[in-house]
Structure formats: structure tokens, C-alpha cells
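Hello,

I am handing over the structure we spoke about, and below it you will find my notes on what turned up in it. Please read them with the model open beside you.

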Amino acid sequence: MKSYLFILISAIVLVSCGPDRDAINEQIYQESVKYNAEKQLGITIDLNQTWNAIKEGSITVTADADLEDIVKVQILTESPFYNDEARVLNSVDCQRGDVVTITYEIPAYLTELVASCVNSKGIQRIKVFKVGDLSVSFGSSTRAGTRAEASEIPTFTSIKLKSPVSSFNAKRAQQGASCTIDGKTYTEWSNSNWENEQMWDPADGQTFDNGWKLDSEKNKGHIFRDIAGFDEGELATVQKIINDILYKYTVTKEDNTYGVNKRRNNLRFIKQTPYFTLNNNYIYTNGKGCVTLIPIQAYTDEFKMNHIYYYYYKPEDVPAGMDEVDYIKSLPKYKAIQVERIETTAQSKEGAFFRNKEFLLPYYKNAPHVGDNEASAVFPAGYKIGFLNMKHSNGNYSFDNVKHGCTYGDGRLNYAVNHIEGHFKTAMDTSIGGSVKEGMKFNDPRIACFSANGKTYMTFEEGADCNFSDMIIEIGGISVTEPENEETEEIVVKDESGLSHTVLSSQTRTIETLEPIFENEANVYTMCFEDRPVNADYDMNDVVLKASRENNHSVRIRVVACGAQDVVTLCGIEGETDQSRYLNNREIHDILHIGMGTFANTGGQKAEEAWEVVETGNMTIAQFLKNIYIENNTTNTTIKMSSKSGEPPCVIIVPFDFRYPKEGKSITKAYTGFLKWAEDLNQNQDWYTAPEQSLIYTGN
Ligand SMILES: [Ca+2]
Ligand SMILES: [Ca+2]
Ligand SMILES: [Ca+2]
């Protein structure tokens, strides 16, 4: 068979030198295309392969999120919060309560998507759904905090505190000029003003009303109530929000470069949050009710060593002439949670998400003393609340242990502890003796706050890396006031890298929430052509188009590259368009304003992209692209998506901002997973996410 084909090929080469392809038998042409493909690719193509990696679907969305002034609903690939990777697949303008059906076109490997209600200010509330689900609604899962019946609030007026213990910073500072930890000598605590820091726990044996209780075990010293788990569908949504920004482990080569011990470096995210940029990770109370903590994950082997404390002050309470940081060091620290009581060891190992206990942060009115202290469950307005994690083995307060120490949300308080070698210092940047590329500085926070989907979370870095997802706690709140009209204020903040973000400050809950406005890019679909199927080199860059949704009824189409020498005309763009920008029926070199026979944007010459917006009506992007084809006027051939499956890949559609190969580099080398997918379309469906960097065009 092969030798027979070889004879045919020779014949074609002879014939195709002439101007007229009509003489070539269509079947001979197709077989020679196939022969070249099998030679170039070296595999047998899956008989069902259509070279279109897009999966289509639709979902009916009820726009009932707890959000004023909803203006649209959109479908995203991932959670939009602090996540540059999330892409908008489609959006429909609507109002609160509307029920809308939205089509989407996604990479075949995605199994979960995100529906989002967006309001006029750009604030979003999301809900995760499964590809194939028929409908999704938001309902109570996006409710921002809870407003209590009076019966939910404990009515105590005093709390008994037991004898305090000195903090590790205090014990180490009390050593004088230097202190020794596990044989190493440190001077960071000398003259550090830490020596008076004390840790106060509620004493055992107290009872509270309205469902609140002290832990039944001795010496836990935290006050909590049992709460119902996640609302319907909320668990999947919370998991997605957390994992899309704070996933614990490294997954890509880049992650590995910046991580340590296979833990991802999530420090960059922490530093984007307005709580860090504006507030040093303090939260501000507004006097509307109780402030509570609801643990949702403790993905750490050391969870039994973690003890969460808090402190609070009014900025105007700092004595004149006193350094604010020294003032904070001297403040009493109160127990909030002993983490060993929130989960099992098995849950800690699998990174389970849960939501079953709500811990109260009592307000102690005066400086604490052993015995009864005047206290209330409602936190007055105007306080900054800060958090720390006191890490130590239970009952063991020895400062001579590298894992023992207090780590704070206010990074200025971490300077000394971050110097402890063999544990905390490992999380520092390599330039200051740590192990993490782009790791922490000595003054960086180890607890961060962020708001997403109407809730505010705290996330902890307890140890020797920068994954910042050792523990995740929702900052809850039980409001005692009637919900008022939204009190929001827009603030523009700059992050460390100098980028400006609009943040909406809201006072609708018991603490101020700071929610940035996230605008995610539209998903980009890429269509690649080979211009000479008979002797294709499969660099898939001879004509490259990119398409993205402009809105529910129009598509932006761009011509981004020409890696063809032949005269090639772009055809089949269907739909109304602005005639001043038309691309249809024009020669590709002409479109890009480059010389005939030259390449652009495939490695050598660069050219500006050309684009137009086309009214596509009800057509999906996939349908719109499938209609587009090229005419090779040099060889007199038409190259279009084959209506049959199992044909050679002369045209492919990728549901992604695909980095096509450089000039002359085969897609089989640039994407090593491509051939497996070509042979079996159920394998390696995400092949286009893992390029060989040196073989793809990245703009240079
Ligand atoms: Ca960690
Ligand atoms: Ca080519
Ligand atoms: Ca080419």
C-alpha cells in the first residue's frame, strides 16, 4: 500500500507544479494528504477525531444572588477572585431574579464551571456547577454573614480568665542580650520590647447561654457553638474559591521553581489583598454585633500545635510618643481557638473542608486580670482586631524548640520569629538565608485576610514554606442590627507591584469587608491552519485566528499570524460586521500588511494583529469558527474543517489562548501530548496546556 501511494505522490508533485488542480483526482489528493500526515505524525489518527477540542453546553441560571443591582450573569472557567487564569465564557445582561439560559463552549477536559452574578459596581457572587447540569441558582449560599435573632447571642457580662502565660517572644526577650534555641544563638529578641506579652485563656468550668459553650475538655479555653454545615452547593464553591488561589501543592514547573518541599508559593496572592495593602491584615469592627471565627480547613500535620489568639485596640489608644508596634507587643492576647479540637487527623491529611463550629471573640472591656473580667459578646465599633498563631506542643511552653513561636497577621511582629533556623526561617527568600525563591521577608505577614463571594477569610502560614493554606478560617459575624442600605465606598489601592485596584469597602456586616473588583478576560479560542495539506509540516501557524466572545450575540475575531508563503485568502466569516474592518475574502498577507511570501508573528518579522467584531446571532463560537476556511490561491486548494472525522489535522480549533508553534516546528514536538490526543481523543485532552517553551511562539 505504501509503495502504491508513493507512486501517487510522485504523480501529484508533477501535476501540482502546474496551475490547475482540477486535473487531480479528489481521491488521490485526499490520500496523498493522508499519506503526508501519517509520515509527519507517525501515528494512526483516531477515527472519531475532528480536531475540535471544544465541548458545548448550556445552563439555565437564576440570578438570585444576595447582591443589589445585578446587571449580568456570566459563566467562567474558574473562580474569578484573585485569579488571573479565570476566563469569561459568556455573559447575558439581566436583573436580579431573572432566569436566563447561557450557552458555553469549553475545553473538553473541564468538568466544573462557575456561574457568577455581577452587579453595577462589578462585585460578583458565584456558584460552582458541573458541566452537564441543567440549572443553577445562588439562593442562600451567597448570603453575606448572618443576621441573628436575639436568641443567638450569648448574654454574659463577665468572663473568668485564668493565669496568663508569657508568649514565646516574651520568654525569648526575657533572656537578655541573646537567647539560644536548639543550640543556635539569636540576638533578635534583645531590646525588642516583647518581654511583657501575655496570653490569656478563659478559665474552665464556665457556662454560657443560647447554645454557646466552653470546650468540654480541660484547658482548651475557647467559646463556641455548633453550627449547620455548608449550605447546598456551597462546599463545592468554597473549595473552588480556595483552591483556585491557595492550592497547597505545586502542580506546574513554574510552581516548583517558586515553591519549597512541593508546597506552592502563594505569597504573591497574599500581597495583592487590600487587607495587606491597606490594613496590615487587621479587621475593623463597626459595632453591629459579634465577631466570630468559623474554621473551614486545617490542611496541616501540625494542626494540634496551633492555638489562635487575637488582640484589639483603637488607633487613638496608642500613647503619644510610643511606637505603635511596641504598643501592640504589650497588648494582652486572648484565646480564640485551639485548633486540635476542630478536626480529626484523617481530615488534616486529606485537606477536608468543613464548617461545623463557630468560635466567639469576646470583648474584654478593661485590662485583663485573673478571675472575673467585664466582657460582652457584641464587639464595639472602631477597633482593629489582629490575629496570631501560637504554635507549640500542648502543655509544653519551652522556648527552646525551633517550632515554638507566635506568628502574626501584622508582619512587623514576625521579625524575630522569622529568624529561627530549622523551621520559620526556611520560608524566607533565598537572598536572606531562606529556601524559597521569592519567599518572605522578615517583616512579612503569616496570616492574611481576603474577601471573596461575600465572605471574609483568614489564611495561615504556620511553618517552613509559603503556601499560606495551612489553615483557613472564615471570619463570621452575628449582626444584631437590621440590614440597612448597603454602605459602600470605593477605594483605589495600589498593590506591591504598583498595579491599581478598585476596592469596595462595605459596612453591611459586623466587620468592614474589602472586596476588590475583578474583571476577567474573555476566553480565547484559537483556530490554526496548514496551508499546503499535501506537504504540510504541521507547524500549525500558516494562518492563525483567535476568537473571543464580545457579548452574547457577537464575537471578536483576530488574525494573529501568517506562517504561509503562498497566496492565501481568508473566507467564511459569517455575520454582520463593521465594513471598515472587514477581514472576509481578503488575502492573509494583505490583512497583516506584510509582503507577499513573508511570515509574520511566527518567529521572525512582527506585524500588528487585525480584528473585527462580527454579529453572530445565536451561533456558538465553535459553529462560527467551523464555517471559516482558507483558499490557497497558489495551489488552488481549499482548506476547511473536515466534515468527516479521522482526517489529517489541516485545521484545528483549541478552546484556549493557544501558543502555536514557531515557524517550521511541528506541533508534535512543541506539544508532546498532541499525538496521544490525535490517536485517541479521550486521552490528553489538555495537551495544549503543556508546551515545550523553546518551540512555541511567545511574541519574540
Ligand atoms: Ca505552610
Ligand atoms: Ca505549515
Ligand atoms: Ca508555517
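In the protein chain, 69% of the contacts with a separation of 6 or more are between residues 24 or more positions apart, where two residues are in contact if their C-beta atoms, placed from the backbone, lie within 7 Å. This is a predicted model, in which local features need pLDDT of at least 70 and side-chain atom pairs count only at pLDDT 80 or more, while totals for chains, interfaces and linings use all residues. Residues are numbered from 1 along each chain as its sequence is written, and chains are lettered from A and ligands numbered from 1 in the order in which they are written.

The protein chain has 13 helices and 39 strands, which are DSSP runs numbered from the N terminus (helices are H or I, at least four residues; strands are E, at least two). Its C-alpha trace spans about 105 × 60 × 45 Å along the principal axes. Of the 700 residues in the protein chain, 46% are buried, a word used when 20 or more other C-beta atoms lie within 10 Å of a residue's own (exposed means 12 or fewer, and partly exposed is in between).

The largest nonpolar core has 121 residues, and A115 and I473 have the most contacts inside it; such a core is a set of buried Ala, Val, Leu, Ile, Met, Phe, Trp, Tyr and Cys residues joined through C-beta atoms within 7 Å. Strand β16 (residues 283-298) gives the most to this core, with 7 residues. Because domain 2 (54-142) and domain 3 (153-516) both give residues to this core, it lies between them; the domain bounds come from an automatic or database domain assignment. A second, separate core of 61 residues includes W51, V543, L592 and I653.

Strand β30 (residues 524-529) is largely enclosed by the rest of the structure, because 5 of its 6 residues are buried. β30 pairs with strand β31 (residues 543-551) in the antiparallel sense over 6 bridges, pairing being counted when DSSP finds at least two bridges between two strands, and M527 has L545 in β31 as its bridge partner. Strand β39 (residues 651-654) also runs antiparallel to β30, joined to it by 4 bridges, and there V651 is the bridge partner of F529.

F529 belongs to β30 and is buried, with 28 other C-beta atoms within 10 Å. Leaving aside its neighbours within four places in sequence, F529 is in contact with residues including D542, V543 and I630.

Best wishes
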